[in-house]
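Hi,

Here is the structure I said I'd pass on. Have a look at it first, and my notes follow underneath.

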Amino acid sequence: MRSSVPQSQLLSTIKIMEMIVGIASDHGGFETKQILMEHLKSQNYTVIDFGNTVNDSTDDYPDYVIPLARAVVEGKVNRGIAICGSGVGASIAVNKVKGVRAALVHDNFAAHQGVEDDDMNILCMGGRIIGAETALELASTFLRAEFSKANRHVRRLKKVKGLEDSFGIVPESKKKHKSK
């Protein structure tokens with residue numbers, strides 16, 4: 001008997017089940033992160049929490065978003081979501097890690113276009129800027145999007161990667177390989 005589920009929907013479901021999403025926040029994004037984690041797990045994503053695991057007003061976003069960024073670059077997670085109060089600090093910090101392509105996103109177009117055109121691998125959001133419903137929508141859009149691999153986008157990405165040869169935090173796993 002044939003399944004009544006369209007093949008494209010089946011493939012989308014398989015992709016979600018295989019995707020590992022890392023998520024991190026400081027106190028400014030803590031509540032949004034908790035809501036997002038619950039939602040993503042209910043959608044069958046595997047979610048890894050990089051912290052903070054408690055709402056601590058004295059914490060600092062780099063302590064959580066940099067380990068997330070390294071995990072994305074090292075392939076321990078497929079994509080990442082970083083949240084701080086405005087999203088600006090998290091975005092600045094994660095983009096210091098070589099191989100990260102992150103953007104502060106507060107609209108649906110940028111959430112998918114950033115992946116499709118620029119191969120964005122970390123979505124940054126402001127927990128004090130957008131509501132939970134918008135955060136859920138943006139995360140879903142970001143995670144469903146795929147890099148287009150169009151020639152012009154690949155060409156531009158190569159130029160960006162060229163810049164990284166001189167700048168950026170090198171992930172721990174890459175440092176070990178260089179010294180051998």
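Helices and strands here are DSSP runs (H or I and at least four residues for a helix, E and at least two for a strand), numbered from the N terminus. This is a predicted model, so local features need pLDDT of at least 70 and side-chain atom pairs pLDDT 80 or more, while totals for chains, interfaces and linings use all residues. Residues count from 1 along each chain as its sequence is written, and side-chain values use heavy atoms, without hydrogens or water.

Helix α3 (residues 62-73) is followed by Gly 75, which has a positive phi, near 80 degrees. The twelve residues of α3 should span 16 Å at 1.5 Å a residue, and the end C-alpha atoms are indeed 16 Å apart (the expected span is 1.5 Å times one less than the number of residues). Buried residues in α3 include Tyr 64, Ile 66 and Leu 68; buried means under 20% relative accessible area with a 1.4 Å probe, protein chains only. The buried residues of α3 pack against β1, β3, α4 and β5.

Now for Arg 79, which sits in strand β3 (residues 79-84). Arg 79 is buried but has no salt bridge, and the nearest oppositely charged side chain, Asp 119, is 5.7 Å away. A salt bridge means a Lys or Arg side-chain nitrogen within 4 Å of an Asp or Glu carboxyl oxygen. What does lie 2.5 Å from a polar atom of the Arg 79 side chain? That is the backbone oxygen of Phe 142, a buried residue of α6.

Cheers

How values were computed:
Buried means under 20% relative accessible area, exposed over 50%, partly exposed in between (1.4 Å probe, protein chains only). Lys and Arg count as positive and Asp and Glu as negative; His and the chain ends are not counted. A polar contact is a pair of N or O atoms within 3.5 Å; within protein, one must be able to donate a hydrogen and the other to accept it, and residues adjacent in sequence count only if both atoms are side-chain atoms. Contact means heavy atoms within 4.5 Å.
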